[in-house]
2 protein chains.
Amino acid sequence: MRLSNLADYAVVTMSAAARHCGGGRTSASELASETGLPVPTVQKVVSKLSAAGLLRSTRGAGGGLQLARPAAAISVADIVEAVEGPIALTPCVTGSECAVEENCAVKPHWPVVNAALRGALADISLVQLARTETQETEVA
Amino acid sequence: MRLSNLADYAVVTMSAAARHCGGGRTSASELASETGLPVPTVQKVVSKLSAAGLLRSTRGAGGGLQLARPAAAISVADIVEAVEGPIALTPCVTGSECAVEENCAVKPHWPVVNAALRGALADISLVQLARTETQETEVA
DNA sequence: GCTAATCGGAACAATTTGGTCCAATTAGGA
DNA sequence: TCCTAATTGGACCAAATTGTTCCGATTAGC
């Protein structure tokens, strides 16, 4: 019931990358120094993120990373799914391989919980995360 | 982002145990045969469940299990927390040991998601799960 | 054409999880 | 009163996933 560390790092990394929306060009090492995470870890996170289509990477010298989409169109749910795969609390939700599929009275209840979780994650976009820590309690 | 198998088994096991609310006395092997789960696995699940105070166990011959509380007072959140510990998507929620605690703009958003998930799990009680699979779509 | 810088994937180590077994305990019968 | 049988409780071991690190492939710039 806990988010994996990689997914947590991915959210932080994307949050840091969103602050470079103007320039658009950032490197993995720069993101590592900004977030305080080890460089190899950020590299792995960035790889998964770009493989999922959330980050656009340019190889070679002078290359770098940039957001594939505007920050408003990227939610925390997208980032988590990019790293951990589809959000599914139980195997029943996606596939159907359940050891006790016959008399499973619990199955019809899982999609409700799953939707609630995913909805809560989808409600948070990158623009809300891109604000610095000195954000005040804005009366939204 | 997936529930552990043990927690899934625990929910199924408790759902099966709730159907014995009348007699109150059930054994782990009986629950295993009803759910189709391997016996040792049910034993382990039952141990954690009784250690958490959700199940009352009586040792010795003729002993057995029974729900410590009425089924209406037990929610899925209780079962999950009994097996996996407190529900916390990130370490920030419970403790404060975060590698990037300084400039973590993501931290204030996690309690919201965490509460949404826990609320969805707490809304489902054992009485809803105790119904057999032949339950119809009751217009609640 | 060469060098330097960067991403991408592969390999290794560690932690947690899942499964199995045996010992401690106790009610029931002789 | 003693013995037997049945059941839970905790401990042990194997496996999978996760987390970290490293090295190779690729490309712009000189």
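Angles of 65 to 115 degrees between two axes count as roughly perpendicular. Keep that range in mind for the second half of this tour of a predicted model.

**Stop one: DNA strand C**

Select DNA strand C and the 20 residues around the strand; A:Ser57, A:Leu65, B:Asn5, B:Leu6 and B:Lys44 come nearest. Colour this surface by class and you will find ten polar, seven nonpolar and three charged residues. Now show the strand's atoms within 4 Å of the protein: sugar or phosphate accounts for 69% of them, and bases for the rest.

**Stop two: the phosphate oxygens**

Zoom in on A:Ser57, where an N or O atom of the side chain lies 2.6 Å from a phosphate oxygen of DNA strand C. Next, pick B:Asn5, which has a polar backbone atom 2.6 Å from a phosphate oxygen of the strand. At A:Ala28, a polar backbone atom is 3.3 Å from a phosphate oxygen. Then switch to cartoon: the elements giving two or more residues to the surface near strand C are helix H3 (39-51) of chain A, plus helices H1 (5-18) and H3 (39-51) of chain B. H3(B) provides the largest share, four residues.

**Stop three: two helices of chain B**

Stay with H1(B) and add helix H2 (residues 28-35) of chain B. Their axes are 10 Å apart and the packing angle is about 105 degrees. The angle falls in the range of 65 to 115 degrees, so H1(B) and H2(B) are roughly perpendicular to each other.

Finally, show side chains where they meet: B:Val12, B:Thr13, B:Ala16 and B:Ala17 from H1(B), with B:Leu31, B:Glu34 and B:Thr35 from H2(B). Four of these contact residues are nonpolar, two polar and one charged.

Technical notes:
Residues are numbered from 1 along each chain as its sequence is written. Chains are lettered from A and ligands numbered from 1 in the order in which they are written. This is a predicted model: local features need pLDDT of at least 70, side-chain atom pairs count only at pLDDT 80 or more; totals for chains, interfaces and linings use all residues. Side-chain values use heavy atoms; hydrogens and water are left out. A residue is near a molecule or strand if one of its heavy atoms lies within 4 Å of it. A polar contact is a pair of N or O atoms within 3.5 Å; within protein, one must be able to donate a hydrogen and the other to accept it, and residues adjacent in sequence count only if both atoms are side-chain atoms. Ala, Val, Leu, Ile, Met, Phe, Trp, Tyr, Cys and Pro count as nonpolar, Asp, Glu, Lys and Arg as charged, and the others, Gly among them, as polar. Axes are lines fitted to C-alpha atoms, for helices over the stretch in contact, and angles run from 0 to 180 degrees between N-to-C directions. Angles under 35 degrees count as roughly parallel, over 145 as roughly antiparallel, 65 to 115 as roughly perpendicular and the rest as oblique. Contact means heavy atoms within 4.5 Å.
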